[in-house]
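Subject: Structure for you, with notes

Hello,

Here is the structure I promised to hand over. Please open it next to this message.

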Amino acid sequence: MESNQQLIAECVERAKQWLSPAFDEETRKAVQEMIDAEDKNPLIDAFYRDLEFGTGGLRGIMGPGTNRMNKYIVGMATQGFANYILKAFPGKQCSVVVGHDCRNNGRMFAETVADIFSANGIKVYLFESLRPTPEISFAIRHLGCQAGVNVTASHNPREYNGYKAYWDDGAQVLTPHDTGIIEEVNKVSISDVKFEGNKELIIPIGGEMDWDYIQAVKEAMVDQDVILRNKDLNIVYSPMHGTGRVIVPMALRSWGFQNIHVVPEQMVIDGNFPTVVSPNPENAEAMTLGMKLGTKLNADLVIASDPDADRLAIVCRDKKGEWVIINGNQTCMMFSWYIIANKKKLGQLKGNEFLVKTIVTTEVIAEIAKKNQVEYHDCYTGFKWIANEIRTNEGKKKYIGGGEESFGFLPYDKVRDKDSPASICLICEIAAWAKDNGKTLYDLLLDIYQEYGFSYEHTINVVRPGKTGADEIKQMMENFRANPPRELAGEKIVLSKDFQKLEQRDANGNVTPINMPAKSNVLQWFCENGNKVSVRPSGTEPKIKFYIEIKDKMHCQDCYDGCVERSKATVEEIKRELNLD
């Protein structure tokens, strides 16, 4: 009870600082109401900590308070970022790109960011209205800027907004810049923030950049003849109320597709996302309206992008003609197979190409690459690590695609983040190729499983909120390190990887180093039959994630359901053994 009273007292003191004239009247009034209210939980929630500027930027619930997304927290973050940019490029006229998506307050936050950068003497290319995340990344490179900011909370619920920080290669910041920016941000107080912008340094951009971006997206095309033969492919698309609404249909038409239908209710720009529970294409519920329209129009496939149009979701018909959502691993696998198989067939592979996947993404991609003598790289979760592989190999090797299990793919190197417009165009090309060969996307998926081995993936999120939760997650990782399992579901573990120590141990106890660009708090266990379990605490949320991949042989297409059922049973066994029930 005493500690709770102490916490309330601390939060009241922190909140009182927000009653000063440095904050606007509306903010002061809202804070005073929280201080005066009998229920102190909203006050505690808003002021018990500072919203952390992490390695990717900011993300949080909108509202007044130190633990909230508001113009003051955004302002301090931007001032710190500006300070770091000016230190990193002394004597240079620096420039940045600033964009935003459809979320509530997005435009206000983007203009605040632009004002602060310009007040610090940094030229700002400010998008005139909402634009996809990959276009922000493209513009940074295209305009030769030193950095960029996109105001977005991606696929998070409507209460959230966020702030992604980018560096001069168009990728989200990595070491040493991430820690350097965080240090600068932590030094800033509200009185340091230069909110008064310099309008002469703010340059609006829009249509001309859309054109250049769409031209770049065409570089992801593998075989235009396939598209021209199937230009009437029946496509249904939804932007989930977000930034893909103009760019995606335009990009599809530029590739040659002519039969494009949009979900009208979800073409409305709305940060409240009224037609979905959560604007996350990973959730089947979010695809309901698209599938309904797809049924009505007898569409070949239904596609959606999330609000900032970096992720995509694909729905196609199974052998019974019923809609089935292709999961993130399958999406990534299908892209990888098509790019390799058809570039090979068309003589476009010169021998210096490489693919990238994250360590928690299906190993079938590795099998596809190996069997076709194409180099592949494993990297950590998060697209900044895929971008890092592109940057590291630039000028030496040719990047042809990379993705992760969470519905993100990048099929070309002009952008350095997940790119749903390019990926949507390419998946439609793949569907056109399948149709050309008398197949559907679903048939192609089964073909890949049959040739390269079946794989079933299941992710478990164990949520543990608060400080006690963080301690519990830390303890779980310590226990797994001290007492790793020797077998899983009756299969002997033959390789254990610890990315915190950057070492791996085989079945005979031999320890060898892992070659990765940095350490990461991830454990992996590989079984004799190829099953894989990855354990990773989230860097941004109070949870620990378990990624389970089950391998099997699929001798015929009719064997698919049996493989799925056996894999589900194995997953349940592993969950029991790891106490995840």
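Below are my notes on cores, cysteines, salt bridges and one sheet.

Keep in mind that this is a predicted model.

**Cores**

The largest nonpolar core has 120 residues. Phe257, Leu301, Ile427 and Phe546 have the most contacts inside this core. Helix α15, residues 420-436, supplies the largest share, with eleven residues.

Phe257 is a good place to start looking. Setting aside neighbours within four places in sequence, Phe257 touches Ile227, Asn230, Lys231, Leu233, Ile235 and Leu252. Phe257 is also in contact with Cys425, Cys428, Glu429 and Ala432.

There is a second core, separate from the largest one, with 53 residues. Among its members are Met76, Val96, Ala147 and Ile202.

**Cysteines**

How many disulfides does a search of the whole structure find? The search finds one. The bond runs from Cys556 to Cys559, with the sulfurs 2.4 Å apart. The torsion about this S-S bond is about 90°, so the disulfide is right-handed. Cys556 has 29% relative accessibility and therefore counts as partly exposed. Cys559 is partly exposed too, with a relative accessible area of 24%.

Two other cysteines deserve a look. Cys145 is in no disulfide. For Cys145, the nearest cysteine sulfur belongs to Cys94 and is 9.8 Å away. Cys145 is buried, at 3% relative accessibility.

Why does Cys316 make no bond to Cys428, which holds the closest cysteine sulfur? The two sulfurs are 12 Å apart, and that is too far for a bond. The cut-off used for a disulfide is 2.5 Å between the sulfur atoms. Cys316 is buried as well, at 1% relative accessibility.

**Salt bridges**

The count comes to 37 salt bridges. Three of them are described here.

Start with Glu13 and Lys16. Their side chains meet in a salt bridge, N to O 3.8 Å. Both residues belong to helix α1, residues 2-16. They are three residues apart, so about one helical turn separates them. Glu13 is partly exposed at 47% relative accessibility. Lys16 is partly exposed at 44%.

Next comes Glu219 with Lys414. Their closest N and O atoms are 2.6 Å apart. This pair links distant parts of the chain, 195 residues apart. Glu219 sits in the loop between α8 (207-217) and α9 (224-229). Lys414 sits in the loop between β15 (408-410) and α15. Glu219 counts as partly exposed, at 44% relative accessibility. Lys414 also counts as partly exposed, at 31%.

Then look at Lys575 and Glu572. This salt bridge has an N to O distance of 3.4 Å. The two residues are three apart in helix α18, residues 560-577, so about one helical turn lies between them. Is Lys575 buried or exposed? Lys575 is buried, because its relative accessibility is 14%, and the limit for buried is under 20%. Its partner Glu572 is partly exposed, at 35%.

There is also a network. Salt bridges with shared partners join Lys357, Glu363, Asp378, Lys532, Glu549 and Lys551.

**A four-stranded sheet**

What is the strand order in the open sheet of four strands? The order is β13-β12-β14-β15, and the pairing is mixed. Strands β13 (375-379) and β15 are the edges, each pairing on one side only. Neighbouring strands of this sheet are turned by 15° against each other on average, direction ignored.

Strand β12, residues 353-358, pairs with β13 in the parallel sense. Five bridges hold that pairing in the model. Follow Val356 across: its bridge partner in β13 is His377.

Helix α12, residues 328-345, lies across β12, β14 (398-404) and β15. The helix runs at about 160° to β14.

**Where to look**

For a quick tour, begin at Phe257 in the largest core. Go on to the disulfide between Cys556 and Cys559. Then visit the salt bridge of Glu219 and Lys414. End at α12, where the helix lies across three strands, β12, β14 and β15.

Best wishes

How values were computed. Residues numbered from 1 in each chain as written. Predicted model: local features only at pLDDT ≥ 70, side-chain atom pairs only at ≥ 80, totals over all residues. Heavy atoms only, no water. Core = buried A, V, L, I, M, F, W, Y, C linked by side-chain atoms within 4.5 Å. Buried < 20%, exposed > 50% of the residue type's maximum accessible area, 1.4 Å probe, protein only. Contact = heavy atoms within 4.5 Å. Salt bridge = Lys/Arg side-chain N within 4 Å of Asp/Glu carboxyl O. Pairing = 2+ DSSP bridges. Axes fitted to C-alpha atoms, helices over the stretch in contact; angles between N-to-C directions.
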